[in-house]
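Student: Could you take me through one part of this model up close? I'd like to look at how its aromatic rings sit together.

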Amino acid sequence: MQYNIRRYRRVSQLAILSLLVLAPFLHIFRFDIQSVSLYLFGMRLWVKHFFLFSLLMTGVIYVIIAASLLFGRVFCGWVCPQNLFNELGHSWDARFGRFGAVLVSVVVGILGGFVLWSYGSDGVALLRRFAAGEVPPAPTVTILAFGAFFAAAMAWWRTDICKVVCPYGHLQAIISNDATMHLELFNLPQHQDICATCGLCAEICYMDVDPRTMVQKDCVTCGDCLDACQLVSGARKVPRVLNFVVGSGHNAIRVGEQRTVLKDLKRMAPRLIVPGVLTLLLLGGTAYGLARRSLIDLVVAKDHRAVLMAGGAYSGGSVMRVSVVNLGSVPDTFRLFATGLPEGWATFEHDQVDLAPGEKADVTLRIAPTQYQRGLYPFDVTAAGAKSGTLVTFHTVHVVGN
């Protein structure tokens with residue numbers, strides 16, 4: 001049987017799967033739990049930047065919502081790896097037998113467990129440890145646990161994961177209506193029923209959906225049933241009667257017909273306005289935030305403990321703690337200087353620090369006024385990165401009292 005739609009869907013599934021497998025190793029996306037940081041598109045983000053990741057994920061969710069409002073569970077059929085392995089599991093049963101299919105599922109599951117573990121730690125470093133003959137217990141047990149779950153999902157649970165467990169599938173059943181794309185039988189203009197009632201469309205569906213009925217909440221818009229209908233209809237020399245449609249009854253529009261493409265878009269467009277605008281705002285805000293993100297975290301505060309250890313606060317003087325954190329992806333040298341105070345008042349313990357990515361340093365800043373005129377003396381402490389070229393300034397004030 002010729003699967004025309006499946007060919008395009010398989011390209012989409014394999015492309016997404018390849019991206020998911022490579023993402024943690026190419027630093028496209030992965031967490032580093034140990035350092036509490038996140039790699040995103042090659043950039044290293046820290047706790048201070050996590051709101052940017054939240055914006056990006058919210059934008060992605062709106063993209064999925066928009067696609068789901070229009071095309072149903074298209075994410076399941078064309079993106080989600082679980083559905084790809086649901087289909088592959090059936091072909092493994094036929095090719096390798098039941099035992100062979102389970103064995104393949106276990107191997108693929110362990111590889112999947114390793115990839116998932118690599119989303120939270122350095123997978124390449126772990127491979128080096130394995131290659132050196134070392135078997136670290138915590139990562140190994142975690143990978144085997146994930147591998148067992150994935151193997152069970154591929155070998156036994158399969159579509160039950162999609163029908164019973166997956167929250168996205170349940171959400172789709174709620175938000176779908178007549179304007180959401182679905183399968184429907186079309187008759188000739190003369191209302192002559194030309195369906196062969198062969199049942200091949202229902203037989204070919206691995207989600208156990210009968211596309212000739214309206215019970216389609218588990219349909220993942222994979223298109224296999226359309227290929228089956230095209231095969232039978234082509235042999236009978238009649239138009240394909242099963243199609244994806246938008247709407248119902250005499251207002252139903254066949255999706256993909258050349259003469260109705262503009263009409264399809266016109267009908268679908270109103271459903272895209274809100275999620276589309278929100279998606280653009282969120283993704284635009286994320287891109288702007290990533291481009292303008294600070295590579296230095298600088299905080300200046302009075303060090304009361306140091307003052308007390310020195311025997312008490314002397315009139316007009318203070319000890320400040322300057323905290324510098326490298327928020328970049330590479331080691332850097334940071335130079336510190338204070339401006340705004342009279343000359344000779346401010347003295348750093350040392351005016352430059354070398355910091356690895358994510359590393360923090362505390363530097364003491366002593367302020368000793370040479371004149372004791374009461375008042376407020378605003379000043380700035382600035383940190384400058386030698387490699388990044390980034391300047392960050394902290395505005396504070398020194399109080400001279402009795």
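Tutor: Sure, let's go to the aromatic cluster made up of Phe29, Phe31, Phe50, Phe53 and Tyr119. Keep in mind that this is a predicted model. Counting ring pairs with centres within 6.5 Å, you get 11 aromatic pairs. Start with phenylalanine 31 and phenylalanine 50: their ring centres are 6.5 Å apart and their planes meet at 50°, so this pair is tilted. Where do these two residues come from? Phenylalanine 31 belongs to strand β1, residues 29-32, while phenylalanine 50 is part of helix α2, residues 50-71, so the pair ties together parts 19 residues apart in sequence. As for accessibility, phenylalanine 31 is partly exposed, with a relative value of 28%, and phenylalanine 50 also counts as partly exposed, at 24%.

Now stay on phenylalanine 31 and look across to phenylalanine 53. These two make an edge-to-face pair, with 5.6 Å from centre to centre and 85° between the planes. Here again strand β1 supplies phenylalanine 31 and helix α2 supplies phenylalanine 53, so this pair ties together parts that are 22 residues apart in sequence. Is phenylalanine 53 buried or exposed? Its relative accessibility is 13%, and the cut-off for buried is under 20%, so phenylalanine 53 counts as buried.

So, on your screen, click on phenylalanine 31 and follow it to both partners in helix α2: the tilted pair with phenylalanine 50 and the edge-to-face pair with phenylalanine 53.

Note on methods. Residues numbered from 1 in each chain as written. Predicted model: local features only at pLDDT ≥ 70, side-chain atom pairs only at ≥ 80, totals over all residues. Heavy atoms only, no water. Phe/Tyr/Trp six-rings, centres within 6.5 Å; stacked < 30°, edge-to-face > 60°. Helix = DSSP H or I, 4+ residues; strand = E, 2+ residues; numbered from the N terminus. Buried < 20%, exposed > 50% of the residue type's maximum accessible area, 1.4 Å probe, protein only.
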